[in-house]
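Let's take a walk through this one together, with the salt bridges as our starting point. Have the fold open beside you as you read.

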Amino acid sequence: MGHLLGLFDQPFLGMRPTRQSTMLRYAEFNYVVDGKIAESTMFLDVLNLMAQVRAEALPPSTAATMVTPGPRTHDGLLYASQPESDGQKTLSLFLRMIERLLAEDVHTTNTDLSLDWTDDMIWWGPGGIGAPYTQGRYLEQHCVPFEEGLKWGDFFGHRTEFAEGHYGGFFGWPTFDVTSLGGYIGLAPKSEKKATMRVVDLYRREGDKIAENWNFIDHLHFLEQLGVDLIARQRLLTGLD
């Protein structure tokens, strides 16, 4: 997980070039067999890029949009083997959090958050939402808009779940489906259609709770299922290709 850095000098997906340094947020998973990569999955946060360059088709986010840093502890690259017990503890923690959330039909409360998250947690969310800091702002700026704008459907499980040391995560392709009640991220129309979401979550555990969460949602794919082609809308607004 990180950023691809470049100079934004040419139109891209209808966005106006800024001629400034620009970062494209990404998460990548590789499946290795006999020392070689057999499968690779990469998520690109295009909406975060759109927010950076103030693309006309993207409305303001509920939380702050910024370049996403690495862990506050600056130890996210693990060069040595970690104790298996640490990885098991990390994996059990975020799976417990997910199971609790699903058991409540995806209805998050302050009590839920206090059980699994540190008080000064930060959720590094995707473009369209942003990065709320602390439990209260996470509830206000992500959980409530998400749960009021979308009706939960079916959970399909994850393509992979893993943990090593204090870090872990998963991704789904797709992860679950929802029905749009209208208004989610300022773009999703009301619809009876079930739309799937592709999601990545990466976590840092601190003691017995989650301290940081890097989240990616393929919002372009989600919106396209609801008849919203955000890139086409951006190109229409600017006349750029």
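Before we start, one bit of vocabulary: a residue is called buried under 20% relative accessible area, exposed over 50%, and partly exposed in between. Keep in mind, too, that this is a predicted model.

By that yardstick Glu206 is partly exposed, because its relative accessible area is 37%. Its salt-bridge partner is Arg204, with the closest N and O atoms 3.1 Å apart, and Arg204 counts as buried at 4%. The story doesn't stop with that pair: salt bridges with shared partners join Arg72, Asp120, Arg204, Glu206 and Glu212 into one network.

Now look at another link in that group. Arg72 and Glu212 form a salt bridge, their closest N and O atoms being 4.0 Å apart. Arg72 sits in the loop between α1 and α2, and Glu212 in strand β9, so this pair ties together parts 140 residues apart in sequence. Arg72 is partly exposed at 35%, while Glu212 is buried at 0%.

Across the whole structure, a search turns up 14 salt bridges. One of them brings together the side chains of Arg25 and Asp45 (2.8 Å, N to O). Arg25 belongs to strand β2 and Asp45 to the loop between β3 and α1, 20 residues apart. Arg25 is buried at 1%, and Asp45 is buried at 5%.

Strand β2 also pairs with β3, antiparallel, over eight bridges. Asn30 stands opposite Ser40 in β3. In the hairpin of these strands, Asp34 takes a positive phi near 50°.

Note on methods: Residues are numbered from 1 along each chain as its sequence is written. This is a predicted model: local features need pLDDT of at least 70, side-chain atom pairs count only at pLDDT 80 or more; totals for chains, interfaces and linings use all residues. Side-chain values use heavy atoms; hydrogens and water are left out. Two strands pair if DSSP finds at least two bridges between them. Helices (H or I, at least four residues) and strands (E, at least two) are DSSP runs, numbered from the N terminus. Buried means under 20% relative accessible area, exposed over 50%, partly exposed in between (1.4 Å probe, protein chains only).
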